[in-house]
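Please read the following points alongside the sequence and the coordinates. They are arranged by residue and by kind of interaction, for a reader who is new to such descriptions.

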Amino acid sequence: HFPQWVQESVDKRLLALDRMPAGAYDRLHKEVQAKRQAFEERNAQAEAELSAQDIPPELREAFCFHDAQVLQLRRRGHRAVLLLCRDGYWDEPYTTITFEGIRRLEREPGLVLRCRPGGDGLLVSNCQYLCDELYRTQEGYEVHMLLWTRKALRYLTVCCENVLIGHSAQPITHRAV
């Protein structure tokens, strides 16, 4: 996993022993630091651009669904509802994200949601919500969601006019798409 120059200039026997000459180590360390600095600058720039977008604070703060069970996605016309179950929210564990005025809904092939009752009385799924990116566009919002399934990571992307988030004690289930 070293850069090509390390493999060409350092004796492989030393690398196998997890050793390296001081000069090569110093050069490698400087490269790693420079790449880390560039990454942090790029990340800060992206964070600044995202935070400067005209997204209502209550919507931005509400988009916090890491590790939630993705139970169902249903679409009717220009409206779609994503049903989630958030662990640790015992009074209102179920969340519905309603996407209104959908212009595009892209569901990565292989994303099949299977929901069933869990041991604690809540619904569980074969899919978990990992992270998201929420963007403001001229037409409304664009949401990119990264989901975990047993077979692979899958993306769900929605472009819509408006996003509404609601919480409830009971799941509101409908026929899935």
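1. Cys115 is partly exposed, because its relative accessibility is 35%. The structure under review is a predicted model, and the remarks below should be read with that in mind. The cysteine sulfur closest to that of Cys115 belongs to Cys85, at 8.7 Å, which is too far for a bond. For a student meeting the term here, a disulfide is a covalent bond between the sulfur atoms of two cysteines.

2. Is Cys127 buried or exposed? Cys127 is buried, for its relative accessible area is 0%. Its sulfur has that of Cys115 as the closest cysteine sulfur, yet the distance is 11 Å, again too far for a bond. A disulfide would require the two sulfur atoms to lie within 2.5 Å. By this rule, the number of disulfides is zero.

3. The next point concerns Leu134, which belongs to strand E7, spanning residues 127-137. Its relative accessible area is 10%, so Leu134 counts as buried. Leaving aside residues up to four places away in sequence, Leu134 touches several residues, among them Leu50, Ile55, Leu59 and Phe63. Tyr141, Glu142 and Val143 are also included in this set of contacts. By contrast, Glu40 is 94 residues from Leu134 along the chain, and the C-alpha atoms of the two are separated by 20 Å.

4. How many aromatic pairs does a search of the whole structure find? The search finds two. In one of them, the ring centres of Phe63 and Phe65 are 5.4 Å apart and the planes stand at 70°, so the pair is edge-to-face. Both Phe63 and Phe65 are buried. The general principle is that a pair of aromatic rings is described by the distance of the centres and the angle of the planes.

5. Phe65 also pairs with Tyr129: the centres of these rings are 5.5 Å apart and the planes are at 75°, so this pair is edge-to-face as well. The pair links distant parts of the chain, since Phe65 is in the loop between helix H4 (57-62) and strand E1 (69-76), whereas Tyr129 is in strand E7, 64 residues apart. Phe65 and Tyr129 are both buried. Taken together, Phe63, Phe65 and Tyr129 form one aromatic cluster.

6. Thr95 is placed in strand E3, which covers residues 94-100. With a relative accessibility of 0%, Thr95 counts as buried. Its side chain makes a polar contact, at 2.8 Å, with the side chain of Arg86. Beyond residues up to four places away in sequence, the residues that Thr95 touches include Phe65, Leu82, Ile165 and His167. Phe65, a member of the aromatic cluster, is thus also a contact of Thr95.

7. Charged side chains deserve separate comment. Side chains of opposite charge can pair when their charged atoms come close. A search of the whole structure finds six salt bridges. One of the salt bridges joins the side chains of Arg27 and Glu31, with an N to O distance of 3.6 Å. These two residues both lie in helix H3 (residues 22-51), four residues apart, which is about one turn of the helix. Arg27 is partly exposed at 43% relative accessible area, and Glu31 is partly exposed at 24%. Arg27 has a further partner: it lies over the face of Trp5, 3.8 Å from the ring centre.

8. Which residue forms a salt bridge with Arg103? The partner is Glu139, and the closest N and O atoms are 3.7 Å apart. Arg103 lies in the loop between E3 and strand E4 (104-107), and Glu139 in the loop between E7 and strand E8 (140-149), so the pair ties together parts that are 36 residues apart in sequence. Arg103 is partly exposed, with a relative accessible area of 38%, and Glu139 is partly exposed too, with 43%.

9. The final point concerns Arg104, which forms a salt bridge with Glu142, with 4.0 Å between the closest N and O atoms. This pair links distant parts of the chain, as Arg104 is in strand E4 and Glu142 in strand E8, 38 residues apart. Arg104 is partly exposed, with a relative accessible area of 32%. Through salt bridges that share partners, Arg104, Glu106 and Glu142 are joined into one network. Glu142 should also be remembered from the third point, where it was named among the contacts of Leu134.

Technical notes. Residues are numbered from 1 along each chain as its sequence is written. This is a predicted model: local features need pLDDT of at least 70, side-chain atom pairs count only at pLDDT 80 or more; totals for chains, interfaces and linings use all residues. Side-chain values use heavy atoms; hydrogens and water are left out. Buried means under 20% relative accessible area, exposed over 50%, partly exposed in between (1.4 Å probe, protein chains only). Contact means heavy atoms within 4.5 Å. Rings of Phe, Tyr and Trp (its six-membered ring) pair if their centres lie within 6.5 Å; planes under 30 degrees apart count as stacked, over 60 as edge-to-face and the rest as tilted. A charge sits over a ring if NZ of Lys or CZ of Arg is within 6 Å of the ring centre and within 35 degrees of the ring normal. A polar contact is a pair of N or O atoms within 3.5 Å; within protein, one must be able to donate a hydrogen and the other to accept it, and residues adjacent in sequence count only if both atoms are side-chain atoms.
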